[in-house]
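User: I am new to this structure. Please take a close look at the salt bridges around one helix and walk me through what holds there.

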Amino acid sequence: MDSQRPFRVAAVLGPTNTGKTHLAVERMLGHRTGVIGLPLRLLAREIYDKVVTAKGAAAAALITGEEKIVPKDARYFVCTVESMPIARGFEFLAVDEVQLAADPERGHVFTDRLLYARGTEETMFLGSDAIRPILRRLVPEAEFVSRPRLSNLTFTGHRKLSRLPSRSAVVSFTAQDVYSIADSLRRHRGGAAVVLGALSPRTRNAQVAMFENGEVDYMVATDAVGMGLNLNVDHLAFAARGKFDGFVQRELLAHEVAQIAGRAGRYLRDGTFGATLECAEFDPQMIENVEGHRFKEIRAAHWRNSDLDFSSAPALLHSLQQPPPEPWRKILMRPKRAVDQDAFGSLSAARSVDGSDAVRLLWDVCQIPDFRKTMAEAHTKLLGQIFGFLAGAPGTIPADWMANQIARLDRVDGDIDMLAARIAHVRTWTYVCHRADWVPDPVHWQDRARAVEDRLSDALHDRLTQRFVDRRSAVLMRSLGTSDGGVGTISDDGSVLVDGEAIGHLEGFKFVPDSDLDAAHGDFRLLQTAAQRTLRHEIATRVKQLQSDQGSAISLEVGANILWQGHPVARLVPGRSVTTPRLVLSHSGLLDGGAKSAVTGHLETWLAAHLAKAFAPLKALQADGLVGAARGLAFQVAEGLGSVARADVVDQVAALQPSERKALRNRGIRFGAQTIFLPMMIRPGRAAIACQMWALFHGLEPMPLSPVPGRVSFEVADDVASGFYVAAGYRVVGTKAVRFDMIERLDMAVRGLAKKDGTVTASPRLRAIVACQPEPFDGVMQAIGYARTDPTNDAIYGRSPRSGRRRQAKQGEAPPPANSAFAALAAHPALSPQGR
């Protein structure tokens, strides 16, 4: 149509790349006031920026569900279709992509605009030619204007993914397929931008910018690419043609194929489309229709009554069920499912909603979109909470509750899906904050929600780029094949770079390639060579640093790894005894013979000193000065890593002279009624090392975690040998591990409380000594020689008939080898099958 000729109502129809939206913006800016409704928030932002450029920020307004920028003297309003303020009365009004009147979810909004939205001087409806029959019925006064495509669109058949031309976009219909295709393009072509419907506008724009700026030559997208994005795409490849439309899995229709394929070729540049990967063959008739822009006409649109009755909840639901007006009943149909209507029905049935104001408020709350795509019950529950706040005093959402909801989302950790989910959640609060009467200080909360969404969006863009773009590929192809292997450097955080591109990082003396550089990478071996050349000087420097380190940066990690400066440099393996493990270096071949020996020697010296300090109380037991029974008992305690069950050394204890007992006590031994042990060995640091060394020596995989320091007792794990707990300073009784000193304290307390008949009442205070409930407390009491006198009474205990009896070795049980470093501990009753 002639851009200078006004029309009261015009229907401007045609395929993609016909300049329809550009024409509408041009017409709007020719009027004193105007409004344009667009199908996507992203597209609305793009058009708003153009209006700002043309007329200035003071003249332009942007209204979407999640964003409102409305200057005092704004004359041109750019909106999503749902957010158009049509009651204001604009000289010009336009609605884009009106064929979406046939969409099951949003179609009724577009239909309502077709029926009732008009500019005072000019109205334009823009869309596909397939909507023409509907427009003729709904807007009989419209003058139809056809716009031809500015470039040709040609089918080129099926191509392998690896042979797609540069400036191609690949379309599939699930996030997992998109990720898989993008991964493949990263490996073979250096990477791809990713566009999904779940991305925020900020993330989507950043991804598109990479493609538009030439940082990547490929894009992988869902059908979200088919609307609202003007791209410099030359070829559009379908990786699939089936999609789930919210109700069923079905094949794309011809006009949907054209909408997506039409992204190829912009303005006067021709484009092509085709298939790749497992996409089904295109029917020749469909190809002809897409190339010729001939599609099956849309014969029905979705409609919902907008003249609602708010007198009561049932009245509102009844008005929503009204059939279309008589003249249009054959072409208009009510939506099969409406989220807002379902939510209103559920909430109004579950609570009292009295008065038209309350009904209107609840309906407004139910308009909050389910950005999170959660189950209907979860969304409805959230709406109910919000309505509860608004319907009560003071009639706004509490600031502390709002702050908590947003703060929970203000995290940039996690993977792509987690970040996308948080963005979807925060969009709910962005929407709520733009209802100025719903929140105190709405500008503050709008800024807060926007800031969180921006942070999440930037983090999501970074994650997508990290996963699907290999910025190194071009650099590596150019530089790693040279004689010097490229220019390598190491950053302060240990990252290894070749010509500025990271290829991995150095952990101690081990080069770890980046996770996406595995053996399948075409340049993997070359990367390893380049890394080794780069790291030669750094490794030599690190060896010198380690040799000068007196131990402050070396530590023993849970799991038997030796760390230096926080990175694993060696791991421990079993040695000749529990207290003498060996170490094996972790160096990935970067240490030569001399350097390897130097590092090994230094770490062995540190380890020996570290273990000597931990096991010093055991060493003191083995010093000269003890003879006879005292020496034998000290040996058994030392071999048991600081303990031995008293029942197993009855004869040795009985044979001790008073002077020998004193000598053993002077060396730290405590003679308990149940266990003879070294209190110094059950201190947290020593106990942790002792049980780790025990687990290492006995091959426990995975290595159990050491008991939490300070724990009096805890439940034992079924798959962990009880000797592990004994080494940590605990006795296993039933399902509980109880620390040696606490079971001795219990024994003393019980003896002090026992009556003349030998019975004792188990009070909560008594159980608290070993932190046990009544049921596991039975096992602890049995261990110290007491049993319930009455099975029905869990508080009265008496001396067990078997108490005090010496545990006899099983007939045929062989004594431990005399030369075994772990002989005494291996004979400990807790290590027997019955003791596990």
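Analyst:
**Salt bridges around helix α15**

Arg202 is partly exposed, with a relative accessible area of 38%. This is a predicted model. The partner of Arg202 is Asp454, and the closest N and O atoms of this salt bridge are 3.6 Å apart. Arg202 belongs to helix α6 (residues 201-212) and Asp454 to helix α15 (residues 442-468), so the bridge ties together parts that are 252 residues apart in sequence. Asp454 has a relative accessible area of 21%. That value makes Asp454 partly exposed, because buried means under 20%.

Next comes another bridge to the helix. Asp410 and Arg448 meet through their side chains in a salt bridge, at 3.5 Å from N to O. This pair also links distant parts of the chain. Arg448 sits in helix α15, while Asp410 lies in the loop between α13 (399-407) and α14 (416-433). The two residues are 38 apart in sequence. How accessible is Asp410? Its relative accessible area is 28%, so Asp410 is partly exposed. Arg448 is partly exposed too, at 25%.

Now the network. Arg41, Arg45, Asp49, Glu67, Arg450 and Glu453 are joined into one network by salt bridges that share partners. One of its bridges can be seen in detail. The side chains of Asp49 and Arg45 form a salt bridge, 3.7 Å from N to O. What separates Asp49 and Arg45 in their helix? Both lie in helix α2 (residues 41-55), four residues apart, so about one helical turn separates them. Asp49 is partly exposed at 36% relative accessibility. Arg45 is also partly exposed, at 28%.

How many salt bridges does the count come to? It comes to 36.

Charged side chains also meet rings. The charged end of Arg360 sits over the ring of Phe310, 4.0 Å from the ring centre. Arg661 lies over the face of Phe671, and here the distance to the ring centre is 5.2 Å.

Rings also meet rings. A search of the whole structure gives 16 aromatic pairs. Among them are Phe724 and Tyr725, an edge-to-face pair with 5.5 Å centre to centre and 80° between the planes. Phe724 is buried, at 1% relative accessible area. Tyr725 is buried as well, at 6%. Elsewhere, Phe155, Phe238, Phe273 and Phe282 make up one aromatic cluster.

One last stop is on the surface. Leu150, Tyr267 and Leu268 form a nonpolar patch there, with about 340 Å² of accessible area together. Leu268 is in the loop between α7 (254-261) and β16 (271-276). With a relative accessible area of 58%, Leu268 is exposed.

Methods. Residues numbered from 1 in each chain as written. Predicted model: local features only at pLDDT ≥ 70, side-chain atom pairs only at ≥ 80, totals over all residues. Heavy atoms only, no water. Patch = residues over 30% accessible without salt bridge, like charges linked within 9 Å, V, L, I, M, F, W, Y side chains within 5 Å. Areas by Shrake-Rupley, 256 points an atom, 1.4 Å probe, with all protein chains shown as cover. Salt bridge = Lys/Arg side-chain N within 4 Å of Asp/Glu carboxyl O. Buried < 20%, exposed > 50% of the residue type's maximum accessible area, 1.4 Å probe, protein only. Phe/Tyr/Trp six-rings, centres within 6.5 Å; stacked < 30°, edge-to-face > 60°. Lys NZ or Arg CZ within 6 Å of the ring centre and 35° of its normal.
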